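I opened my notebook to follow some charged side chains, and then to look at how strands and helices fit together. The entries below keep to what I looked up.

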2 protein chains.
Amino acid sequence: MITVLNPSYSSSSDSTLTTKSEALAREATQKVLQQKPGGLKGIEASLEALSVMPEELNLFKNRHSRFVVVGIGGSSLGIQVLAEMKQASNFQFIDNVDAYHFEQLFETMPEPEKTGWLFISKSGGTIETLTALEFIEQELSTKNISLSEHSLVITEKKDSDLYRWSQQKQVLFFEMPVSVGGRFSVLTEVGLIPAWLMGFDMKALRTGAMEAYNASDVLAKVTSETLKSWQREEWITVLWSYSSRLKSFGLWWQQLWAESLAKKVDIQGQPAARVSTPLPLIGATDQHSVLQQVMEGARDKLVVFLRVQEAEAGKSLLQKSQMRETALLQGRNMGTLLRAEAEAIQQALSEVQVSNISLQISDVRDQSVGYLFMFFQLWVMCLGEAIQINTFDQPGVELGKVKTKKILSGQL
Amino acid sequence: MITVLNPSYSSSSDSTLTTKSEALAREATQKVLQQKPGGLKGIEASLEALSVMPEELNLFKNRHSRFVVVGIGGSSLGIQVLAEMKQASNFQFIDNVDAYHFEQLFETMPEPEKTGWLFISKSGGTIETLTALEFIEQELSTKNISLSEHSLVITEKKDSDLYRWSQQKQVLFFEMPVSVGGRFSVLTEVGLIPAWLMGFDMKALRTGAMEAYNASDVLAKVTSETLKSWQREEWITVLWSYSSRLKSFGLWWQQLWAESLAKKVDIQGQPAARVSTPLPLIGATDQHSVLQQVMEGARDKLVVFLRVQEAEAGKSLLQKSQMRETALLQGRNMGTLLRAEAEAIQQALSEVQVSNISLQISDVRDQSVGYLFMFFQLWVMCLGEAIQINTFDQPGVELGKVKTKKILSGQL
C-alpha cells in the first residue's frame, strides 16, 4: 500500500483556505469511495470475472510467442505499464500511424506467423487503430497469413467498425464494459487480458486494486495537497517516480490527469476551475535534466515523489570501492544511492521552497501494480469530485477529430 | 533543413512588445551565430576530427555485437536519440541506479563476453555512472570477464575517477572537449562515437550540423515567438513531434531547455527572467492524452509542432478499405492520416486560441539528425542570449549533490 512519507513542504499560509481544502478533500474522497462513480463497479466486475480466464485465451496464448498491442491512449498506455513492470519483452505496441515506424516493425518482425495481435478500442471507431488494422491485414496477406486468425479484439459490444470486423471474421472477442472510460480501463478486459498473457497473477492484481479502497486517509491527504497547490497557482504537477520501471506509469498518469481534470465547464455548465498540467519525471535520471528548472525556475510546481522500497535496495553489495566518488558506497547496495538521492532532492526542494510531498510503495510486483492503478484513478476521481467537473468525458478532443475527417475528405 | 509552416496562431496584441521581441531575437541570433558561444567551436572541431574514426574504435566495434551506454543526462539522452532514429536495437542504456532494473539487465544479457561498454561523463565524477561502473565490473568478474578490456571511456582529460580508471586499466579513451557542456555534447565525441558504432555517416551528420548555421531567419523567428509567448505568460512550452521516432528527441530537448534556461540570476547577478517548463509530446499518440488539457485547460502553453515529411508519407497504399472510419484512406498511404491529424490539431488549437507554431523537416536520416541537434541547440543559445543568462551552467543541481553525500556519510 501507499504511505505518505515525512517530511514534505507546502507554503500555504492562509489557514482558512487550508482548512477549507482539507474539508473539501475529505468530503470528495468519502463520496467517491461510497458512490463509486465512473464505472468503478464495472472495474470490480471485470476483476472478478477475469479471475479465471476463458480457455480460448489459453489457446491464443499457446499459439503465439510474441504479441503486438494495437491501440492508442487508454487502449495502450496502461498495457505499456504492465509490460514495463513485467519486463515483457515479447510485447510490442503500435500506438501511432507513423508509416516509417510501421514499415520498420514489419521488416524486423522475427516470426510473423507466431505473432498474436490485440486490437483494442473502447468505441471501436478509433481511426488510428482501424487504419493500422487495415494496413496490418494487407501486409500479412502478402505473407499468406490471415490476420483474423491471429487476433483478439477488445471493444464495446455495439455496432462499430472494430466490433463488426471481429464478428464477420470470427475473431476472439472480449467485451469492454460500457460504464468504464478508456483511460480508467486498465483494470478491465483492456489491461487484464494482456496482463494475463504477460504472466500476471490475476488474483494479486485484484487484491491490490481492492486494497486501494481502504486508502481513504492517504487519498484525502493527496487530494487536499493538490487543491492547496492549485490555490497557490502551481499549475504544473510533477510525478517524480524513483524507479526506472515507472517510466510508462508516468505517461499513463499523465493521460489520466490531463484528460480527466482539464475541463472548460463544470457539471453546472459554469467555467470550470483551472487545474495543473501533468509532467512525469524519473529519478535519479531527471536530476540531470529537469531538476534545474524545478530548483531555479518559478515556484509553479507541486512535486509528488513516488518512491519504491524495492528499487532502493539491491541484492549485491559493492565489495570494494576503487574510486573517490563511490567510497561511501563500499559494503552497501546500489539502492542505497537511489534512496539517498531521493531524500536529498526532497530536502533540496524544501530548502528552496518548492512544494513537495512523498509517496512510497513497497514494490512494483503484481499486487502493488493493481493497487497503484486503482489508487491513482481514485485520486483523480476525488479531485474531479472536489472541483465538480465531469471527470469522465474529454470533449476537447472532438474538434480535432472533426477537422481530421474534413481534411481527409478535402473539405478543409 | 527546418522550415516554418503556415498557419500559426499567436495572440500577442501589444505591438510595441512584439516589435521589441523581434528585434531582440534578431540581435541575439546574430550574436550567437557570430560569436559561437558555449563551445560551438569545440563542437566544430570534434565534428571535423571524427570525420575519420581511429582504427582502435574499429577493433572495438568488431569485437562486440551489443553495446551498453552508461551515462546520465547529457551523457545519455542524445545517444538515445541516435539509437531511436537508427533503430539500433543492439544498444542499451544504463542511466539510473535502480538496483532491480540493473539486476534484470544482467539476468537477460545474451552474450556478456560480446558486450561493449561505453562509460561517458563530462566531469568524470558523476556518482551514478561511477557506481554503475563499479557494480558492472564486480558482476562481470564473477563471469571471468574483465570490464576494462570491453570498455571505452569518454570524459575530460583531467584528474577524475573515470579518467584515472581509464588510464590505470588502459581502457580505450576519447577526450571530451572541455569547452562543451554535457547537454550540448551530442555532436562531440559523446554522441559521435556511439553514432559511428550505430552506422551513422559522420560526414552527413557534420554537413547537417553546419547547415543549421544558415538558419538565421528561422532561428530569429522561433526565438521571437518564444519570447512573445513568455510575455503572454505561457509558462509551458510544448514540443509536439509528429513521429514515433522523435520520442527520445523530446526528452533530449527537455533537458536542453530546462537546464539551460531556468536560472535564478542573470549574468549581471540580477533576478533572471522567468522562463517556461518544457513538455515533450508525440503526435498523433498524445492527441489521446494531453490534448484535452491543451484544448480546454488554461492558455498557458506555446505549442511547437515538429513535423517530419517522411513520416507523413509511406510506401504502401491502402488497397481496399473495409471500414467506415477508414473509407477516406482508400488508395492512400498511412502518412496521409498523420498529416491530416497534424494539420487538424494545429487548426483546432488556433480556433480555441492556443498559441502554436509549426516546424517541418524532411526526414530523420543522418544529415537531418545533425541539423536537428544543432538547430535546437542554437535556438536555446539564442534564448539565453536574449534574456542575458548563462545558458551553459546548472547551479541548481548542486544542492542535491551535496545533500546526497551528506546523507550517505550519515551527516544528514
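The entries that follow go from salt bridges to a sheet and then to a single helix.

**Entry on the model.** I noted before anything else that this is a predicted model, and I kept that in mind for each value below.

**Entry on salt bridges.** I searched the whole structure and found 54 salt bridges over all chains. I began with E156(A) and K122(A), whose side chains meet in a salt bridge at 2.4 Å from N to O. E156(A) sits in the loop between β5 and α7 of chain A, while K122(A) sits in the loop between β4 and α6 of that chain, so the pair ties together parts that are 34 residues apart in sequence. Buried or exposed, I asked, are E156(A) and K122(A)? I found that E156(A) is buried and that K122(A) is buried too.

**Entry on a bridge between chains.** I next looked up D161(A) and R324(B), whose side chains form a salt bridge at 3.3 Å, N to O. D161(A) belongs to helix α7 of chain A and R324(B) to the loop between β9 and α13 of chain B, so this pair joins two chains. I compared their surroundings as well: D161(A) has 5% relative accessibility and counts as buried, whereas R324(B), at 45%, counts as partly exposed.

**Entry on a bridge inside a helix.** In chain B I looked at E225(B) and K228(B), which meet through their side chains in a salt bridge of 3.1 Å, N to O. Both are in helix α10 (residues 216-231) of chain B, three residues apart, and therefore about one helical turn separates them. I wrote down the general reason beside this: an α-helix has 3.6 residues a turn, so residues three or four places apart point the same way. Since the cut-off for buried is under 20% relative accessible area, E225(B) at 8% counts as buried, and K228(B) at 5% counts as buried. Turning to chain A, I found that salt bridges with shared partners join E22(A), K221(A), E225(A) and K228(A) into one network.

**Entry on a charge without a partner.** Which side chain of opposite charge is nearest to E341(A)? I found K401(B), which is 8.8 Å away, and E341(A), although buried, has no salt bridge. E341(A) is part of helix α13 (residues 334-351) of chain A, and, apart from neighbours within four places in sequence, its contacts include Y242(A) and A284(A) as well as V97(B) and E128(B).

**Entry on a sheet.** In chain B I traced an open sheet of five strands, which are paired in parallel in the order β3-β2-β4-β5-β6. At its edges stand β3 and β6 of chain B, each with a single partner strand, so one side of each has no neighbour in the sheet. From one strand to the next the twist averages 20 degrees. I then looked at β5(B) and β6(B), which pair over four bridges, with L152(B) opposite L172(B). Helix α7 of chain B packs on this sheet, touching β4, β5 and β6 of chain B, and its direction makes about 140 degrees with that of β5(B). Helix α8 of chain B lies across β2, β3, β4, β5 and β6 of chain B and runs at about 150 degrees to β5(B).

**Entry on helix α7 of chain A.** I returned to the helix that holds D161(A). The buried residues of α7(A) include L162(A), Y163(A) and W165(A), and its buried residues pack against β4, α6, β5 and β6 of chain A. After α7(A) comes Q170(A), which has a positive phi near 50 degrees.

Conventions: Residues numbered from 1 in each chain as written. Chains lettered and ligands numbered in written order. Predicted model: local features only at pLDDT ≥ 70, side-chain atom pairs only at ≥ 80, totals over all residues. Heavy atoms only, no water. Salt bridge = Lys/Arg side-chain N within 4 Å of Asp/Glu carboxyl O. Buried < 20%, exposed > 50% of the residue type's maximum accessible area, 1.4 Å probe, protein only. Pairing = 2+ DSSP bridges. Axes fitted to C-alpha atoms, helices over the stretch in contact; angles between N-to-C directions. Contact = heavy atoms within 4.5 Å. Lys, Arg positive; Asp, Glu negative; His and termini not counted.
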